[in-house]
Amino acid sequence: MMTGSTLKNSAGRDPGTGDTPKDIVSRVISPEETLLWSGRPNSALMIRKQTRGTGERSLARIWVILAMGAGLTYWFVRENPGIPLPGSAQQVNELLSGKAAIPLLVLVAIFIASRFLRKKNWDVEGSYQRWAESLTYGITDRRLLILENGDIATELGPEDFGEPRIRDRANGHADVEFKELSSSSGARENSYSRDRRRLAFKALQNAEQVKRLVDDWRRKLREREEHAVKEFLDAGGHTGAQHRVATGVRVIHNDKYGLSVSVPDSWELNVRKRRKPYGKVFLDFERWKSPEELSDWNVLKIEGDFLSSVEIHLDHVRKPMVVYQQAKNSSLINAMSGEIIESDDDVKKNGFSGFSITRRHIEQGQDAGGVNRERPAFHRWMVLHDGRTQIGLSMKWPDNSEPLKRAVLGIYESIRVD
């Protein structure tokens, strides 16, 4: 297993604290995580590239300030040739009470103004330099981490980006770029703000090696996820028979609706209480909580990695709130959810009846280099009703993983409402 860092000129100790990248990342990850790699960028290369063409402006600003100071000093000496250097408290008082106070006050004002403008991002070069020098990178067995000043600024899971790309820099260094965030405004950007929007491990001497490590990391996480759901399927948890529940399976109950459902033990569970029946258009701001935090829930969200999820909505209503033709022909749903590849208007399940619509759903995202990336997945939407209770289901799985598809459908098959 790869630990620590092997990067030249970028994996040294933090100049401010003396800590190694491994020390910095180890402080912010959980005890259950394993650190696979850590490193720091060659910030000098980052700064040199971004300040190309802007160094003259920075130098001009410095010369302007120096010229102002020299001019003020010349004026002071010419106007006050007999004032001695301060050697006592009285002389200091005399010095500050005369014309000498003017240049001193001006210099103080310049200092205060420069500090204010620096905080307002006037000093973009300096701000970028401080940001570049604060960066530390890490790869654990769960996530990719970008730290700023020792705190996690960005974390990426295996499904949060597409194919990483290499962006070359000088002296054999390069970036391993994952994605590019959208601009927060339509204003014209400078090279500093554009570079900060690129999520990447930057200015690494062995970027190709790190990219291979990232690819291998994601492949192993995919294999681990598929192995976990295989345990769920092999254990028979999807049959709904509680006596067959074993390692890899967790059974969730909701006594109010008589619900029981088996889920892979490794998948994340969240619940909330929705205020109106499923199918009603409204704004619901109820936040998600764990099942241990909220017992009176009517929405259960079951999430795995790689776009795999099942969402179950429960309501006591006398008739379905959504009908087949409405769901199939909605222009809004068609525009947002993709093309229909399969539909069934007569689904039967354990005394419930309803419909099912499956679409090929395309998730859009900004990939490395700002390229729009499409992440294809299947999205099945179902509404079932037994004359008293409505079950709304939203199921999603990636289009290139049969084990994850079987796990999602296995969760559906395990649903029982008594």
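A search of the whole structure, which is a predicted model, finds 10 aromatic pairs. One of them is formed by Trp 37 and Phe 201, whose rings are tilted, with 5.3 Å from centre to centre and 35° between the planes. Trp 37 belongs to strand S1 and Phe 201 to strand S7 (residues 198–204), so this pair ties together parts that are 164 residues apart in sequence. The points below take up the sheet that contains S1, then a sheet of 3 strands, and then the second largest pocket.

**The sheet of 4 strands and helix H8**

- Strand S1, which carries Trp 37, is part of an open sheet of 4 strands in the order S1-S2-S3-S4, and the pairing in this sheet is antiparallel.
- The edges of this sheet are formed by strand S1 (35–39) and strand S4 (151–156), each of which pairs on one side only, while neighbouring strands are turned against each other by 20° on average when direction is ignored.
- Between strand S3 (residues 144–148) and S4 the antiparallel pairing extends over 5 bridges, and within S4 it is Glu 155 that stands opposite Leu 145.
- Helix H8 (residues 207–234) lies across S1, strand S2 (135–140), S3 and S4, and the helix runs at about 40° to S2.

**The sheet of 3 strands and helix H11**

- A further open sheet has 3 strands in the order S8-S9-S17, again with antiparallel pairing, and its edge strands, each pairing on one side only, are strand S8 (249–254) and strand S17 (416–417).
- Strand S9 (residues 259–264) is joined to S17 by 2 bridges, with the two strands running antiparallel, and Arg 416 in S17 is the bridge partner of Ser 260.
- Helix H11 (residues 402–414) lies across S9 and S17, and the direction of the helix is at about 160° to that of S9.

**The second largest pocket**

- The second largest pocket holds about 420 Å³ of space, and it is lined by 21 residues, of which Glu 303, Gly 304, Leu 307, Ser 308 and Ser 309 are the closest to its centre.
- Four strands each supply at least two residues of the lining of this pocket, namely strand S11 (299–303), strand S12 (309–316), strand S15 (372–385) and strand S16 (389–398).
- Sorted by class, the lining of the second largest pocket comprises 11 charged, 6 polar and 4 nonpolar residues.

Technical notes:
Residues are numbered from 1 along each chain as its sequence is written. This is a predicted model: local features need pLDDT of at least 70, side-chain atom pairs count only at pLDDT 80 or more; totals for chains, interfaces and linings use all residues. Side-chain values use heavy atoms; hydrogens and water are left out. Two strands pair if DSSP finds at least two bridges between them. Contact means heavy atoms within 4.5 Å. Axes are lines fitted to C-alpha atoms, for helices over the stretch in contact, and angles run from 0 to 180 degrees between N-to-C directions. On a 1 Å grid over the protein atoms alone, a cavity is a set of points where a 1.4 Å probe fits but cannot get out, and a pocket is an open set with protein on both sides within 12 Å along at least five of seven lines; lining residues have an atom within 4 Å of a point. Grid points are joined across faces, edges and corners, and a volume is the space filled by probe spheres set on the points. Ala, Val, Leu, Ile, Met, Phe, Trp, Tyr, Cys and Pro count as nonpolar, Asp, Glu, Lys and Arg as charged, and the others, Gly among them, as polar. Rings of Phe, Tyr and Trp (its six-membered ring) pair if their centres lie within 6.5 Å; planes under 30 degrees apart count as stacked, over 60 as edge-to-face and the rest as tilted.
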